[in-house]
Amino acid sequence: MADCFVGEKEYFPNIEKIKYEGPKSDNPLAFKFYDPDKEVGEKKMKDHLRFAVAYWHSFCADGSDPFGSATFAHSWTVGAKTPMEAAQNKMDAAFEFFTKLGVGFYCFHDRDMAPEGDSPAESEKNLFALVAKAKKLQEATGVKLLWGTANLFSHPRFMNGAATNPEFGVVALAAAQVKAAIDATIELGGQGYTFWGGREGYMSLLNTDLKKEKDHLGRFLVMARDYARKQGFKGVFYIEPKPMEPTKHQYDHDAETVIGFLRHHGLDKDFRLNIEANHAELAGHDFVHELETAAAAGLFGSVDANRGDPRNGWDTDQFPISHYETAMAMHAILKAGGFTNGGLNFDAKIRRNSVDPSDLFIAHIGGMDAFAAGLEIADRIIGDGKINAFVKQRYSTFDTGDGAKFGKGELTLEQLAKIGTDGGYGENGKNGKNRGIGITSGRQEHLENILNRYMLGLW
Ligand code: XUL
Ligand code: CO
């Protein structure tokens, strides 16, 4: 497949460009629902979904876990004489993968792309050597950078946090890394820059000045924003909420917490939220709850697409497969106006016993198909309009008259109370004889049944 790899060596030689074959195909290396050029509503599927591959899980993870060593023998690492040579090979493999899979975007951390050097200067040199290569590969393949970020959690120096570290020197080193990662993102035309606060939290309040740490985090993000804008960065900054892991409590706990934090620090014009499905679950929320919360604040930005396991309390980062979850998510995303700079980044990893090179493709195909099906279902929900019409009707008493005045802030509490006492609303409820106002069905089961019909295409 000479048109699908641009490096010197083909790393996935037995795999051709993945094609759409439709739901009846039993070819594991074909899309069943993701048909990139199919129009859904006003856009093509590929423009709705804006899929991105996560460099870290797909090309850096080696299958090790706290109980066992590496299980993946990546062909791009085996035989490389230096970490830089391995990084160059890995990048060729990555772009071959993006191209064969047919995704438009990727995301990376600085340390995924290039190895850390013996000094900040050497780390930057390594990074920019790889950025130069990535730029060429982006031009050759048309694959774009959805967002870049800095890994401020793996190195031992960050064990007490990065921007929230109790030692100033670590905060300064974190700044050097973020500055370089922002420069790299700009150089690669990145449409976003993400902050996931890996160790920005605490393990114990006995050793933590919580106020100071949160102030420092705000200050650090303001500085990063100002630097990037000065350098001409036009993209969107994201914060990716997560409640815990690796720290016991992370400051970017969930969407609502981050919204308050961004507004408090005056960052809500430049930042949006990158909602990760599994992080929502860890915070005790549904994925769609986090999406709707971000959208309600006008701060929905992007998605890290994966799933957790409801019986595990940690970040399993599995590929999404539930049509119910993807339909609910795509419905929220379409209602929010769809993606602009953001997209669906597969922050997901194959299991450590998925050691066949085709497993990485099959995992992404499943995730892309699950979101394509979710998009189609969400489009049916919106197109048919029954569910949204029900919601609109449910609030219709606020559309006119005193209800509308209330919504616009045109009533005092006294006026509202007078309407309550004299407006005739309470009469039927007297002594509970007639159950009267407010006793209106929420119709949840009916709506759930409609959704199930949309899920099977029987709307
Ligand atoms: C960790 C996580 C990260 C961020 C980027 O849970 O989701 O991979 O997406 O740093
Ligand atoms: Co993530």
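Let's start in a loop: Asp317 sits in the stretch between strand S13 (300–304) and helix H11 (323–335). This is a predicted model, so treat what follows as a walk through computed geometry. Asp317 has a positive phi of about 50 degrees although it is not a glycine. Is Asp317 buried or exposed? Its relative accessibility is 6%, and the cut-off for buried is under 20%, so Asp317 counts as buried.

There's a second residue with that kind of backbone angle. Arg443, also not a glycine, has a positive phi of about 55 degrees. You'll find Arg443 in the loop between helix H15 (413–422) and helix H16 (444–455). Arg443 comes out at 39% relative accessibility, so it counts as partly exposed. While we're on backbone oddities, have a look at the peptide bond from Glu245 to Pro246: it is cis, with omega near 15 degrees. Pro246 belongs to the loop between strand S10 (236–239) and strand S11 (249–250).

Now for the ligand. Which residues surround ligand 1? The list is Trp56, His109, Trp196, Glu240, Lys242, Glu276, His279, Asp304, Asp315 and Asp347. Some of these come with polar distances worth checking in your viewer. A polar side-chain atom of Glu240 is 2.7 Å from an oxygen atom of ligand 1. For Asp315, an N or O atom of the side chain is 3.0 Å from a ligand 1 oxygen, and for Trp56 a polar side-chain atom lies 3.2 Å from an oxygen of the ligand. How much of ligand 1 does the protein bury? On its own, ligand 1 exposes 290 Å², and the protein buries 93% of that.

Next, pick out strand S5 (residues 51–54), which is covered on both faces. Phe51 and Val53 point to one side, Ala52 and Ala54 to the other, and all four are buried. Strand S5 has a parallel partner in strand S14 (residues 344–346), with three bridges joining the two. In that pairing, Phe51 stands opposite Leu344. Strand S6 (residues 105–109) is also parallel to S5 and is likewise joined to it by three bridges; here Val53 is the residue across from Tyr106.

On to the charges. How many salt bridges does a search of the whole structure find? The count is 23, and a few of them are worth a closer look. Take Glu187 and Lys135, whose closest N and O atoms are 3.0 Å apart. Glu187 lies in helix H6 and Lys135 in helix H5 (residues 120–141), so this salt bridge ties together parts that are 52 residues apart in sequence. Both ends are partly exposed: Glu187 has 38% relative accessibility, and Lys135 has a relative accessible area of 30%.

Asp270 and Arg225 form another salt bridge, with 3.0 Å between the closest N and O atoms. This pair links distant parts of the chain, 45 residues apart: Asp270 is in the loop between helix H8 (255–264) and strand S12 (271–276), while Arg225 is in helix H7 (residues 210–230). Here both partners are buried.

Then there's a pair within one helix. Lys418 and Asp422 make a salt bridge with closest N and O atoms 2.7 Å apart. What separates them along helix H15? They are four residues apart, which means about one helical turn. Lys418 and Asp422 are both exposed. Salt bridges also join up into a network that links Asp110, Arg111, Glu116 and Arg157.

Finally, the surface. Val391, Tyr395, Phe398, Phe406, Leu413 and Leu416 form a nonpolar patch there, together giving about 590 Å² of accessible area. Phe406, one of these, is in helix H14 (residues 401–407) and counts as partly exposed because its relative accessibility is 43%. Leu416, another patch member, gives a sense of distance: its C-alpha atom is separated by 57 Å from that of Gly169, 247 residues away along the chain. Gly169 is found in helix H6 (residues 168–187) and is partly exposed, with a relative accessible area of 42%.

Conventions: Residues are numbered from 1 along each chain as its sequence is written. Chains are lettered from A and ligands numbered from 1 in the order in which they are written. This is a predicted model: local features need pLDDT of at least 70, side-chain atom pairs count only at pLDDT 80 or more; totals for chains, interfaces and linings use all residues. Side-chain values use heavy atoms; hydrogens and water are left out. Patches are made of residues with over 30% relative accessible area and no salt bridge: like charges are joined within 9 Å, nonpolar side chains (Val, Leu, Ile, Met, Phe, Trp, Tyr) within 5 Å. Accessible areas come from the Shrake-Rupley method with a 1.4 Å probe; for residues, only the protein chains shown count as cover. A salt bridge is a side-chain nitrogen of Lys or Arg within 4 Å of a carboxyl oxygen of Asp or Glu. Buried means under 20% relative accessible area, exposed over 50%, partly exposed in between (1.4 Å probe, protein chains only). A residue is near a molecule or strand if one of its heavy atoms lies within 4 Å of it. A polar contact is a pair of N or O atoms within 3.5 Å; within protein, one must be able to donate a hydrogen and the other to accept it, and residues adjacent in sequence count only if both atoms are side-chain atoms. Two strands pair if DSSP finds at least two bridges between them.
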